[in-house]
Amino acid sequence: MTVRRPLASRLPDFPWDSLEAAKARAAAHSDGIVNLSVGTPVDATPSGIQEALAAAADSHGYPQTIGTPALQDTLVAFAREHRGAPAGLGADGVLPTIGSKELVAHLPFQLGLGAEHAVAFPHIAYPTYDMGARFVGAQPLPVDIAHLAATGEARSGADGSAPLTEQQISSIALLWLNSPSNPTGEVLDVQQLRSLVEWARERGIIIASDECYALLPWTVDEVPSVLDPRVNGGDLTGVLCTYSLSKQSNLAGYRAAFIAGDPALIAEITAIRKQAGMMMPGPIQDAMVTALADLDSVGRQHAVYRARREVLKPAIEAAGGEVSGSQAGLYLWTSFGMSGDDAVERLADLGILCAPGRFYGEAGNSFVRIALTESDERIRAAADRLSTSQLRP
C-alpha cells in the first residue's frame with residue numbers, strides 16, 4: 001500500500017503563528033497593542049469602489065476567467081500608463097487574478113514546473129515565492145538580486161553569499177523579482193531591471209516581477225517595471241508583471257489583482273486557470289474597473305501612509321533603530337543592533353508587535369519589519385512609546 005505524505009507536512013510552519021506569545025505580551029500593555037506585524041490595510045475602501053461592487057451584486061452567471069471586456073481594457077490602460085507597458089500590450093497580455101498571493105503561490109504550477117526545475121527569488125523576500133516552488137516539488141533558490149544585477153553572478157545560500165553552480169543555474173525556470181520589496185522596501189532601478197532581464201533571457205528563464213507597492217514611493221523618483229521598454233527593449237517575451245490593488249486602494253478583502261506581460265505566457269496561464277475554474281467574481285471585476293480608474297483615492301491613501309511614516313520613522317530612530325531601504329511600500333526595515341527575535345520581544349514590552357526579519361530569509365535575522373498599517377491614533381501611540389525608550393544595546 002502506498003503511504004500518502006501530505007503536502008502540508010512537507011512545509012514549514014506558517015511564520016506568523018509563532019508570534020502569538022509576543023502578541024499576548026504586547027496586548028497586555030496598559031494602552032493596548034499596536035499591531036505593526038502585518039500589512040493589512042486598516043483604512044476604508046473608497047466609497048466609489050464600494051458602490052460599484054454593490055451595483056454589480058446581481059451576478060447570477062459565471063464570470064469569465066479572462067475578465068470582462070471593460071476590465072481587460074482598464075487593465076491594459078493601467079499597465080501602459082502606470083507600469084510603462086508598451087503601446088503594443090493588448091487584451092491578450094493581461095489577466096485578472098484572485099489576489100496576487102495566490103498567483104505567486106501557484107505560478108510555478110501554472111507554468112508547468114516540477115521537480116526538475118528551480119525557482120529563484122530574492123534572498124530576503126516574502127515567503128510565498130519559496131512556497132510556490134515547494135508546492136510543485138521544485139527547488140527554491142534564494143538569490144542576492146542586487147549582486148546579480150550588478151555583476152551577473154548568481155549567489156545563493158542563507159545569506160546570498162554562495163555562488164550558484166552551472167547546474168543550479170541551468171535548472172532555474174522562473175526568476176521572481178519584487179520591487180518595491182516586501183520586506184525591505186528596496187526599489188530596483190531601470191539599469192538593474194534591464195541587467196536582470198538580459199541575464200534571464202540569455203538562459204531561457206522566465207522573469208516575473210511582483211510590483212504591488214509601486215504607487216507607494218517615498219524616497220525615489222520612480223518605480224520602474226519589467227514591462228517598461230527601457231527594461232525589456234520593447235519585447236515582452238519571457239516577462240511577466242503581477243500587480244495588486246490591496247495596498248493602494250484598501251482592497252485586500254476584494255482579492256483584486258492582475259498579471260500582465262508576454263501574451264504567450266498569459267495564454268498558458270489562462271488555459272490552466274480556465275481548467276481549474278479560477279475566476280475572479282463578477283462583482284469584483286466591476287469594482288476593479290472603478291478602482292483602477294480612481295487615482296485620486298490612491299493619491300489620498302499615499303498621503304495617509306506618508307504622514308504615518310513621517311511620525312513613526314523618527315521615533316524608531318530615536319529608540320536606536322536604523323531603518324534600511326524602505327524607499328517605497330508599507331514597511332520600515334529596521335535593525336536595533338540585536339537579533340530580530342530579541343527586537344520583537346523588546347518591542348512587545350512596549351505594546352508594539354512587529355515581524356522578525358527571519359520570516360523573510362536567514363539574511364534578515366538581524367532585522368524587524370515594522371508596518372505602517374495601523375490607524376493614525378495607533379501610529380502616534382507607537383511613536384510616543386518609542387520616543388521615550390532606548391532599545392539599542
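# Sheets, helices and buried residues

User: How do you know that strand 3 and strand 7 pair?

Analyst: Strand 3 (residues 118-122) and strand 7 are joined in the parallel sense over three bridges. Two strands count as paired if DSSP finds at least two bridges between them, so three bridges meet the criterion. Within this pair, valine 119 has leucine 174 of strand 7 as its bridge partner. Helices (H or I, at least four residues) and strands (E, at least two) are DSSP runs, numbered from the N terminus. The model is predicted, so local features need pLDDT of at least 70 and side-chain atom pairs pLDDT 80 or more, while totals for chains, interfaces and linings use all residues. Residues are numbered from 1 along each chain as its sequence is written, and side-chain values use heavy atoms, with hydrogens and water left out.

User: What makes strand 7 largely enclosed by the rest of the structure?

Analyst: Strand 7 covers residues 172-178, and seven of the seven are buried, which is why it is described as largely enclosed. Buried means under 20% relative accessible area, exposed over 50%, and partly exposed in between (1.4 Å probe, protein chains only). Leucine 177 lies in strand 7; its relative accessible area is 0%, so it is buried. Beyond four places away in sequence, leucine 177 touches Ile145, Leu188, Leu193, Leu196, Ile207, Ala208, Ser209, Asp210 and Val226. A contact means heavy atoms within 4.5 Å.

User: What makes the unit of strand 7, helix 8 and strand 8 right-handed?

Analyst: A crossover is right-handed if, with the strands pointing away from the viewer, the path from the first strand over the helix to the second runs clockwise. Strand 7, helix 8 (residues 190-202) and strand 8 form a β-α-β unit of that hand. Strand 7 and strand 8 (residues 206-210) pair in the parallel sense over five bridges. Isoleucine 207 in strand 8 is the bridge partner of leucine 175.

User: Which sheet holds strand 7 and strand 8, and what makes a strand in it an edge strand?

Analyst: Seven strands form an open sheet in the order 2-10-9-8-7-3-4, with mixed pairing. Strand 2 (94-98) and strand 4 (139-143) are the edge strands, since each pairs on one side only. From one strand to the next the twist averages 20°. Strand 8 and strand 9 are paired in the parallel sense over four bridges, and serine 209 stands opposite cysteine 241 in strand 9. Helix 3 (residues 69-82) packs on this sheet, touching strand 2, strand 9 and strand 10, and its direction makes about 105° with that of strand 2. Axes are lines fitted to C-alpha atoms, for helices over the stretch in contact, and angles run from 0 to 180 degrees between N-to-C directions.

User: How is the other sheet arranged, and which helix packs on it?

Analyst: Four strands form an open sheet in the order 11-12-15-14, with antiparallel pairing. Its edge strands are strand 11 (322-324) and strand 14 (355-356), each pairing on one side only. Helix 12 (residues 295-318) packs on the sheet and touches strand 11, strand 12 and strand 15. Strand 12 (residues 331-335) and strand 15 (residues 368-371) pair over four bridges in the antiparallel sense, and tryptophan 333 stands opposite arginine 369 in strand 15.

User: Why are helix 12 and helix 14 called roughly parallel?

Analyst: Helix 12 and helix 14 (residues 376-387) pack at about 15°, with axes 8 Å apart. Angles under 35 degrees count as roughly parallel, over 145 as roughly antiparallel, 65 to 115 as roughly perpendicular and the rest as oblique. The two helices are therefore roughly parallel to each other. Their crossing is left-handed, meaning that the near helix is turned anticlockwise from the far one by less than a right angle, clockwise being right-handed.

User: What makes the backbone at serine 326 and at proline 180 stand out?

Analyst: Most residues other than glycine have a negative phi, and most peptide bonds are trans. Serine 326 has phi near 55°, a positive value, and lies in the loop between strand 11 and strand 12. At 0% relative accessibility, serine 326 counts as buried. The peptide bond from serine 179 to proline 180 is cis, with omega near 0°, and proline 180 is in the loop between strand 7 and helix 8.
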